[in-house]
Amino acid sequence: MALFRGLFDFFQSDSKLDEKLGLTEKQKRLVQNTWAMARKDEVAVGVAVVLAYFKKYPEAQKEFKSFKDVPLDELSKNKRFQAHCANIIVTLGNVIEQMHDPELMEASVINFTEKHKNRGQTQTQFENLKQIMLDSFPTLFGKHYTPEVQEAWKKTLDLIFSKMYQVLKD
């Protein structure tokens, strides 16, 4: 009987909604578990995402003085580019790890966005990046990218990017 009670409690807490984030405990865990895969090689994951972004939006590369003139096919070997890409993954990873503390998570998103707002980044650029990320996840996470994981990621990125858009407008 205790086993059944334990399973019941587990499934109850799994479906509990975090009101501040709009995600269930299970959705938060799915996002954190899949993101742990990306954290294993932050440079490679970051390079793949940013290269996909530059391929679709080549004008965006011109905004980065340290690698704006590097040919796209040589960019993945550029250490400044690699460092920037790794920083993106680390920053997102920190936000994902802070899901247990929604106020801290929000503060991190605000800090990141304010820095980029001061550099002139726009909501459209962030919307484009968000879509590139969503498009990259099936390859990045492979068989782990189930419909349930996809939904959890969509909700998570909607939450993060909506806060970013709010900061950009203020």
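## An aromatic cluster

Phe54 is buried, with a relative accessible area of 2%. The model described here is predicted. Phe54 forms an aromatic pair with Phe67. Their ring centres are 6.3 Å apart, and the planes meet at 45°, a tilted arrangement. Phe54 belongs to helix H3, while Phe67 sits in the loop between H3 and helix H4 (72-75), so the pair ties together parts that are 13 residues apart in sequence. Phe67 is buried too: its relative accessible area is 2%.

The structure holds 16 aromatic pairs. Tyr53 and Phe54 make one of them, with ring centres 6.1 Å apart. The angle between their planes is 50°, so this pair is tilted. Tyr53 has 10% relative accessibility. Buried means under 20%, so Tyr53 counts as buried. Which residues form one aromatic cluster? They are Tyr53, Phe54, Tyr57, Phe64, Phe67 and Phe81.

## Helix H2 and its buried face

Helix H2 covers residues 25-39, which makes 15 residues. At 1.5 Å a residue, H2 should span 21 Å. Its end C-alpha atoms are 21 Å apart, so the model agrees with the expected span.

Which residues of H2 are buried? They are Gln27, Lys28, Leu30, Val31, Thr34, Trp35 and Ala38. Seen down the helix axis, the buried residues of H2 fall within an arc of 160°, so they line one face of the helix. An α-helix has 3.6 residues a turn, so residues three or four places apart point the same way.

What do the buried residues of H2 pack against? Two strands are among the partners: E1 (17-18) and E2 (23-24). The helices they pack against are H3 (42-56), H5 (79-97), H7 (123-141) and H8 (147-169).

## Salt bridges at Arg39

The structure has 9 salt bridges. Arg39 takes part in a salt bridge with Glu42, at 2.7 Å from N to O. Arg39 is partly exposed, with a relative accessible area of 23%. Glu42 is also partly exposed, at 21%.

Arg39 meets Glu97 in a salt bridge as well, at 2.8 Å from N to O. This pair links distant parts of the chain. Arg39 is in helix H2 and Glu97 is in helix H5, 58 residues apart. Glu97 is partly exposed, with a relative accessible area of 46%.

## Other charged contacts

Glu106 and Lys163 form a salt bridge through their side chains. The N to O distance is 2.6 Å. This pair, too, links distant parts of the chain: Glu106 lies in helix H6 (residues 102-118) and Lys163 in helix H8, 57 residues apart.

Are the two partners buried or partly exposed? Glu106 is partly exposed, with a relative accessible area of 34%. Lys163 is buried, at 16%. The cut-off for buried is under 20%, so Lys163 falls on the buried side of it.

Salt bridges also join Asp18, Glu25 and Lys28 in a network. Lys28 appears among the buried residues of H2 as well.

Definitions and conventions: Residues numbered from 1 in each chain as written. Predicted model: local features only at pLDDT ≥ 70, side-chain atom pairs only at ≥ 80, totals over all residues. Heavy atoms only, no water. Helix = DSSP H or I, 4+ residues; strand = E, 2+ residues; numbered from the N terminus. Expected span 1.5 Å × (residues − 1). Buried < 20%, exposed > 50% of the residue type's maximum accessible area, 1.4 Å probe, protein only. Arc of directions from axis to C-beta. Contact = heavy atoms within 4.5 Å. Phe/Tyr/Trp six-rings, centres within 6.5 Å; stacked < 30°, edge-to-face > 60°. Salt bridge = Lys/Arg side-chain N within 4 Å of Asp/Glu carboxyl O.
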